[in-house]
Amino acid sequence: MPPTDQIIYFDATLSPNRSLSPRAFVIVMTIVGCVSFVAGLLFVSQGAFPVIGFFGLDALAIWYALRWNARQLKQETRIRVTAETVDMEHLVPGKPAKRASVPTPFARVGLAYPERSPSVLSISHGAASWAIGAYLTGDERRSLAAALEAAIQRARAERYA
């Protein structure tokens, strides 16, 4: 987001929780590789030569799945509230950034609780609505909604003081 000379009432960067650090990834893949290799050697010693290749493919599939998951966790959402606008920016590696700007006086924060799915936190303006923080837990969404509401109220108070 471009720098601004206005008072910033809320500025946050949201990102998914990482379940596996880079060091832990190396440890897990070392264990998977060693187990696959030893199990493959056991099959080779019994005369089942092609099985070692399938163990290698399994290890490669696990490596690919963990790398893909780590790449997906690099996404982030930035939200900034000023007296003029609520700016949102969603960044996903390898894709163009999605940006939206809503006038603060008309911004509405909504937290919907559908019957069979997780809650949805959104910022609306008129008929348009932008969902944010889809990867946050329910408690984190409630906390973020309360903080955004308070920031928007403070920004409106400055604007109309």
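Start by selecting strands 5, 6 and 7, which form an open three-stranded sheet in the order 5-6-7 with antiparallel pairing. Strands here are DSSP runs of E with at least two residues, helices are runs of H or I with at least four, and both are numbered from the N terminus. Two strands count as paired if DSSP finds at least two bridges between them. Strand 5 (108-112) and strand 7 (128-132) are the edges, each pairing on one side only. On average, neighbouring strands of this sheet are turned by 30° against each other, direction ignored; axes are lines fitted to C-alpha atoms, and angles run from 0 to 180 degrees between N-to-C directions.

The model is predicted: local features need pLDDT of at least 70 and side-chain atom pairs count only at pLDDT 80 or more, while totals for chains, interfaces and linings use all residues. Residues are numbered from 1 along each chain as its sequence is written, and side-chain values use heavy atoms, with hydrogens and water left out.

Stay with strand 5 and add strand 6 (residues 120-125): the two pair in the antiparallel sense over five bridges. Pick Leu-111, whose bridge partner in strand 6 is Leu-121.

Next, select strands 1 to 4. These four strands form an open sheet in the order 1-2-3-4, with antiparallel pairing. Its edge strands are strand 1 (8-14) and strand 4, each pairing on one side only. Neighbouring strands in this sheet are turned by 10° on average, direction ignored. Inside the sheet, strand 2 (residues 76-82) and strand 3 pair in the antiparallel sense over six bridges. Select Thr-77 to find its bridge partner in strand 3, His-90.

Keep Thr-77 and His-90 selected and add Trp-130, Ala-131 and Ile-132: of the 13 residues lining the largest pocket, these five lie nearest its centre. Strand 3 (85-91), strand 4 (98-103) and strand 7 each give two or more residues to the lining.

Now move to helix 1 (residues 22-45). Its 24 residues should span 34 Å at 1.5 Å a residue, and its end C-alpha atoms are 34 Å apart, which agrees; the expected span is 1.5 Å times one less than the number of residues. Phe-25, Met-29, Val-32, Ser-36, Ala-39 and Gly-40 of this helix are buried (under 20% relative accessible area with a 1.4 Å probe, protein chains only). Show helix 2 (51-72) as well, since it is among what covers those buried residues. End at Gly-47, which follows helix 1 and has a positive phi, near 100°.

Key: Buried < 20%, exposed > 50% of the residue type's maximum accessible area, 1.4 Å probe, protein only. Contact = heavy atoms within 4.5 Å. 1 Å grid on protein atoms, 1.4 Å probe; cavity = no way out; pocket = protein on both sides within 12 Å on 5 of 7 lines; lining within 4 Å.
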